[in-house]
Amino acid sequence: MTLLPEDLTQCSRRVLAHLRASYVSGQGFADTGELAQALQVDLPLIAASCRQLQGLGELAIVANRGGDELLVRITEVGMRAADRADTPPSGSLVQNFHAPVGIVATQVGNHNAMTPQQRSGGTVEEFALLLAQLRAQVATLPEDDQDEATMTIESLDKGVKEGKLARAGRAVETLSKLGAASATFVTSLKTISQTLGLPFPGADS
């Protein structure tokens, strides 16, 4: 299928508007399959739009599941672009949103309040590298805590890939307790929490 520039541009605007509406309603992530269904647009066009938006810094691809199956989130730049365009998809609930927005569109529902962190990066590769470093530092923890830490890291990884930030937040909280005795582990965990826009237990707001 040949993608015309005007089709791609129009689709990109609709994707941004939909992601902005999702952010306001408390959904931090969306996958391209969901976007294609919600916007009634073919999946290849949605994926191409997401890649274009990533190049503009308006969207971050969190996970690539193969082909056109992507997990994405809106960025601060994307929020501003969506506000300027003001062209939400039909049927979506859009509210004015003026709070600071980080690169991670985090959940804002009851009991899931997050503190967005402004960052200029935030790629899939960056998160994968940080998570690999954290796994490597499990060995610095007390032996009795290592198995639980490993399982909790997997829960963190799965929570991020599935867009379940409440789950990811709980994993960070558990890991902060398990890793309290290891400064290097805590430092790596803080970096991950900042990358994801998750609050770190005990950190200054």
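**Figure 1. Helix α7 passes helix α8 in a left-handed crossing.** Welcome to the first close-up of this predicted model. The contact is built from V172, L175 and S176 on the α7 side, with F185, L189 and S193 coming from α8. Sorted by class, these contact residues comprise 4 nonpolar and 2 polar ones, with no charged residue. In sequence terms, α7 covers residues 165-178 and α8 covers residues 183-196. Their axes lie 10 Å apart, at an angle of about 165°. Because angles over 145 degrees count as roughly antiparallel, α7 is described as roughly antiparallel to α8.

**Figure 2. The whole chain, for orientation, has 8 helices and 3 strands.** If you like to trace a fold from its N terminus, follow the elements in the order α-β-α-α-β-β-α-α-α-α-α. The chain has 205 residues, and 45% of them count as buried. How much of the accessible surface belongs to carbon and sulfur atoms? Their part is 49% of a surface of about 10500 Å². For those who think in contact maps, take the contacts with a separation of 6 or more: residues 24 or more positions apart account for 64% of these.

**Figure 3. Helices α2 and α3 make a right-handed crossing.** Here the two axes come within 9 Å and cross at roughly 115°. From α2, the residues to pick out are T32, G33, L35, A36 and L39. They meet L43, I46, A47 and C50 of α3. Which classes of residue make up this contact of α2 with α3? There are 7 nonpolar and 2 polar residues, and no charged ones.

**Figure 4. Q40 sits in the loop between α2 and α3.** Staying with this pair of helices, look now at the link from α2 (32-39) to α3 (43-55). Is Q40 buried or exposed? Its relative accessible area is 75%, so Q40 counts as exposed. The backbone deserves a glance too: phi of Q40 is near 55°, a positive value in a residue other than glycine. As background for a Ramachandran plot, most residues other than glycine have a negative phi.

**Figure 5. Q133 of helix α5 has its C-alpha atom 9.4 Å from that of L189.** The helix in this view, α5, spans residues 124-136. Along the chain, Q133 and L189 are 56 residues apart. L189 may be familiar from the first view, as one of the α8 residues in the contact with α7. Q133 has a relative accessible area of 34%, so Q133 is partly exposed.

**Figure 6. E148 of helix α6 is in contact with T174 and L178.** The helix, α6, runs over residues 143-161. The two partners, T174 and L178, are what E148 touches once its neighbours within four places in sequence are left aside. How far apart are the C-alpha atoms of E148 and T174? They are separated by 9.3 Å, for residues 26 positions apart along the chain. Both partners lie within the 165-178 stretch of α7, the helix that opened this set of views. E148 has 38% relative accessibility, which means that E148 counts as partly exposed.

Notes
Residues are numbered from 1 along each chain as its sequence is written. This is a predicted model: local features need pLDDT of at least 70, side-chain atom pairs count only at pLDDT 80 or more; totals for chains, interfaces and linings use all residues. Side-chain values use heavy atoms; hydrogens and water are left out. Axes are lines fitted to C-alpha atoms, for helices over the stretch in contact, and angles run from 0 to 180 degrees between N-to-C directions. Helices (H or I, at least four residues) and strands (E, at least two) are DSSP runs, numbered from the N terminus. Angles under 35 degrees count as roughly parallel, over 145 as roughly antiparallel, 65 to 115 as roughly perpendicular and the rest as oblique. A crossing is left-handed if the near helix is turned anticlockwise from the far one by less than a right angle, and right-handed if clockwise. Contact means heavy atoms within 4.5 Å. Ala, Val, Leu, Ile, Met, Phe, Trp, Tyr, Cys and Pro count as nonpolar, Asp, Glu, Lys and Arg as charged, and the others, Gly among them, as polar. Buried means under 20% relative accessible area, exposed over 50%, partly exposed in between (1.4 Å probe, protein chains only). Accessible areas come from the Shrake-Rupley method with a 1.4 Å probe; for residues, only the protein chains shown count as cover.
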